[in-house]
Amino acid sequence: MAELTASLQSCSRSTPGTSTHTQTLILYYRGLCVPLVLCVCVWLICFCVFRSLVLLSEWRAVVSELIGLCYRMSDVVSPVVQSSSPEGLIPMDTESETSAGLQKILQEIQPRDTNDFFTSARELDPSESDCNNEQKEPENAVHKAQSCNSGGGDGEAYRVTAQMVLVCCWRTMKEVSMLLGHLCQSMPLCCPLTHADGRGVVTEDQVEGVGKYFREQLLQSRHRGAFELAYVGFVRLTEMLCRSGSATLQQLPAHWLKEVLEEVKSSDPSSKLCATRRSAGIPFYIQALLSSEPKSSSCGLLKMTMRSLTALAMPSNDADTESSSVPQVHALNILRALYRDTRLGENIVPFVSDGMQAAILGFTSPVWAVRNSSTLLFSTLITRIFGVKKGKDEHSKKNRMTGREFFTRFPALYPFLLSQLQEAAASVNSDSGQVKLHPSLFLLLLVLGRLYPSPMDGSSSPLGLAPFMPLIIRCGRSAVYRTREMAARALVPFVLVTQVPSTIQTLLEELPQEPGPGLQQNHIHGTLLQVLSLLRSYLADTHRPQSGNEQDCDLSSGLFPRLWIATRLNPCLVTRGAFLDLLGCLCGCHPVSVSESQLKKLREETLQILMASELVAPQGPDDTNLSVPGATQYLQSLAHIAVSVCVESPHLWDCPESAGFQRDLLERLLRCPHYEVRLFALDQLLRRLQKTEEESQRRGQGPMPFDLSVSSLTSLALHETYPGCQAKVLQVLAVLPLSWLLPWRDGMTSLSCLEVLEHLLTLLETSTHRAHSLYKSLDGIFSFHLASGIFVRLLCSTAFLGVSTGAVSPPVALEMGVGLLCQLFQMWGQVAAGMVNLIQWLLGDEQSDTRCEESLDLDEEFLFEKGDLNLWAEPLSWARMLHRHLSALVSVTHSLDVSTAELDRLSAIAKSNALAAQRSMKGLPALPQFSATIEYAKISLLKERTSLALNLLDTLRPS
């Protein structure tokens, strides 16, 4: 026991004659080693105390000394982790004695580049201290490299860095915090059965002192690692306080909580509380106090805290300044942490409405810190309300809820959102040409856009959604594009499904019937987006009325007078594209509120607009290469209609000379200069071909219902420059039957199979896209010719490593490629020639030269070269994998007619490489795997590949 106490005392004993900063850096170093000793001591104390419950007075002394040691170590490192800039802090010493002591510590803790570093004793030579003392350095000696070390010669220089200091400090804080938390959690407070005084190993005063220590560290530390790990230790302490039988200890969390809330309320820029770094450890401190409250209680602390914090988070009537907004910033950051805490569970849900109001109102503050904290709080509340993202599309119903459910769960948000939306909508006016954006408009539309219609809408409810409609429609007139999109999405849940046709009709009637001066394109675009959102939601709703008064609300009456918006009469391509999207939605195969005769007429008008557009009938170079704003969006809208005509639903359109017309229209899409149009057309064509192929297999029909110009696809495969279109056109060719592809044509020129093969493989060698469709499309086309050299280059290229539609492991892709190549060898009857080519590749192009320098030049053989530090595991795995496949190929092939001359030639190369590797290995220094790692790895790889090649050659020789 005495020895244990003495060892603890020696850990913190000061070195006589040294300054404070020297002792600081000594403890920085000891902070790396002492925590392990302390953890062993705690485990030993717990084991002995709970086993015997004897010698408690002695154990109390040990624990008391241990706690004191933790405090002293914390005092040393606290100035660093509590600094306003801990990442770049180095305590400055101006004394030469201090500099010498610092250098001694650095020499002790820095690693040496010698093989005996981990085996020899890491003690300093006594003469080193004298050497350091003889050096007289200037004032900045702490930051300069020192040349004196235990070797006394050309030792490597070391210097203090801020990273070294910071790592030692926060790791010390980590171990101290975990140690104190474990002590309070494990040590008994009282032992009434074994000792008359009833005292335990730790006292209430010590526990309260540990709590004050954690309070100081969490409220004043700036380094995230320090206060996050202090939080873990503090949670252990608070859990112990709630379980303890002492009324005094049980009241400490409430007392501490009230103190910190008062301090937050009165904080200013001169306060010790951290106003930056998301309030640093303050949210963690309050979070630990609240989460320790018993679940069976009435959550009085939580309610009191949330009321105080939401009051602070609301904007004040005073003029907002940097100093007056500090409590508000702290409150917003603390609320964010509490809403994210899963341990508070459903107890925090009643306060979500208040938090949402604080976040939205915070956006109106002129202080950037308040707006930034409000953004973080708003993001947390969106996740808390709607849940984590459950799919790629954040606008799907998986990530939303009905408006009825939303306002039922959070009724306080109904009047708040309505009043805020009224204020925001009043500021929306694009007629003046000036952009006026209300600070909270984006958040309001974002929340409302997360809702969707409910089948129960329209029933009696005090929270009617009708008042929101005109305000959201007005927001669609904003001069900001994104605001118009969000307003269109937010309008959907506020329109009853039975009122969608009439609402669409009303919106269409707001559009101008003829072009003229003073048109507000923002109004037109916002209205069209709202009509589109309502129509798409209506068609996708399974609860919409299937019969009734649809004919009473015929949309054609509002459409035909405004078809000019989709024509060249409208100079704005953005609104033309939006109107074309609306026409494409109405002319599809879904039932809409348009009579059959009017729908047929609408399709005819839409087809005429398409044929007169810049995509089909350009009237000059400006039409061919559209580059004005909105051009890509407009052409994509045209492409959607064109694909519906020629690929998706040709039976719905009354096309002249149906087959030839569809073929010509598709060719125009594939020749469009904009790659977005080509990619969309190829994607839809591939889907149609795959679907038709499945149907034709069941019915025994051909793969396409109309004539497809395959020459356009083959030319595109040869000349396409966009990687996405390259991959897609190869997939399309893979679906088509072989008879359609031959002869392969490039415009009017017919190409031989060998020319096509070499061209495509060269293209794929330099491409980063997928090559899996190449093999399927070319399988059997070039069976008369074995291009093994080209295939090997393809296998070694990076293009082949992406052979899947998703992420794939490169070794798996390479394994599949080699297996496919071996199958092709068997199919072509060229196993012998393929074996010779691959064995020669396995051996490499090294010449049998005895010079070590040239025999080590194996850079070309490193398939996955990453630099000098590249490990040889990947090339070795590739060589062994190739050997495995070739061995299997030999075993399944009955007779291999490989000439003896070829076998002798390859054997000579292999033996020459083996001899060169042996000589090179002898020329390396001792222990080459450590002293010459790169050279040793290359030589070992050469030996392994040579051995594998010789094994294959021996197998090929006749017995």
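Leu742 is partly exposed, with a relative accessible area of 38%. That figure falls between the 20% cut-off for buried and the 50% cut-off for exposed. The residue sits in the loop that joins α32 (738-741) to β3 (745-746). Its C-alpha lies 9.6 Å from the C-alpha of Val710, and the two are 32 residues apart in sequence. The model shown here is predicted.

Leu69 offers a second case. It belongs to helix α3 (residues 56-81). Its relative accessibility is 0%, so Leu69 counts as buried. Leu69 and Val176 are separated by 107 residues in sequence, yet their C-alpha atoms are 9.2 Å apart in space.

Now step back to the whole chain. The protein has 959 residues, and buried residues make up 50% of them. Its secondary structure consists of 42 helices and four strands. Take the contacts with a separation of 6 or more: residues 24 or more positions apart account for 74% of them.

Next comes the interior. In soluble globular proteins, nonpolar side chains tend to be buried together. The largest nonpolar core here holds 202 residues. Which of its members touch the most others? They are Leu237, Phe406, Phe407, Leu417, Leu448, Phe468 and Leu669. Another core lies apart from it, with 29 residues, among them Phe825, Ala879, Val890 and Leu953.

Phe468 is a good residue to follow by eye. Set aside its neighbours within four places in sequence. Phe468 is then in contact with Phe407, Tyr414, Leu417, Leu418, Leu421, Leu448 and Phe494.

One of these partners, Leu448, leads to helix α18. This helix covers residues 441-449. Seven of its nine residues are buried, so α18 is largely enclosed by the rest of the structure. The buried residues are Leu441, Leu443, Leu444, Leu445, Val447, Leu448 and Gly449.

Leu237, another of the core residues with the most contacts to other members, leads to a helix pair. Helix α8 (residues 224-243) and α10 have axes that come within 9 Å and cross at roughly 130 degrees. That angle is outside the 65 to 115 degree range for roughly perpendicular and is not over 145, so α8 is oblique to α10. Which residues of α8 and α10 meet? From α8 come Phe234, Leu237 and Leu241; from α10 come Leu252, Pro253 and Trp256. By class, this contact of α8 with α10 has six nonpolar residues, no polar ones and no charged ones.

Continue past α10 into the loop that follows. Most residues other than glycine have a negative phi. Two residues in this loop depart from that sign. Arg278 lies between α10 (252-265) and α11 (282-291), and its phi is near 55 degrees, a positive value. Ala280 is in the loop between α10 and α11 too. Its phi is also positive, at about 55 degrees, although Ala280 is not a glycine. Are these two residues buried or exposed? Arg278 counts as partly exposed, at 46% relative accessibility. Ala280, with a relative accessible area of 3%, is buried.

Further along the chain, α25 packs against two other helices. Start with α24. Helix α24 (residues 573-586) and helix α25 (residues 596-611) pack at an angle of about 140 degrees, and their axes are 10 Å apart. That angle makes α24 oblique to α25. The crossing of α24 past α25 is left-handed. On the α24 side, Leu580, Leu583 and Leu586 take part; they meet Leu599, Leu602, Thr606 and Ile609 of α25. The contact of α24 with α25 comprises six nonpolar residues, one polar residue and no charged residues.

The second partner is helix α27 (residues 631-648). Its axis is 11 Å from that of α25, and the packing angle is about 120 degrees. This pair is oblique as well. The crossing of α25 and α27 is left-handed. Here Thr606, Leu607 and Leu610 of α25 meet Leu638, Ile641, Ala642 and Val645 of α27. The classes in the contact of α25 with α27 are six nonpolar, one polar and no charged. Thr606 of α25 appears in both contacts: it meets residues of α24 and residues of α27.

Key. Residues are numbered from 1 along each chain as its sequence is written. This is a predicted model: local features need pLDDT of at least 70, side-chain atom pairs count only at pLDDT 80 or more; totals for chains, interfaces and linings use all residues. Side-chain values use heavy atoms; hydrogens and water are left out. A nonpolar core is a set of buried Ala, Val, Leu, Ile, Met, Phe, Trp, Tyr and Cys residues joined through side-chain atoms within 4.5 Å. Buried means under 20% relative accessible area, exposed over 50%, partly exposed in between (1.4 Å probe, protein chains only). Contact means heavy atoms within 4.5 Å. Axes are lines fitted to C-alpha atoms, for helices over the stretch in contact, and angles run from 0 to 180 degrees between N-to-C directions. Angles under 35 degrees count as roughly parallel, over 145 as roughly antiparallel, 65 to 115 as roughly perpendicular and the rest as oblique. Ala, Val, Leu, Ile, Met, Phe, Trp, Tyr, Cys and Pro count as nonpolar, Asp, Glu, Lys and Arg as charged, and the others, Gly among them, as polar. A crossing is left-handed if the near helix is turned anticlockwise from the far one by less than a right angle, and right-handed if clockwise.
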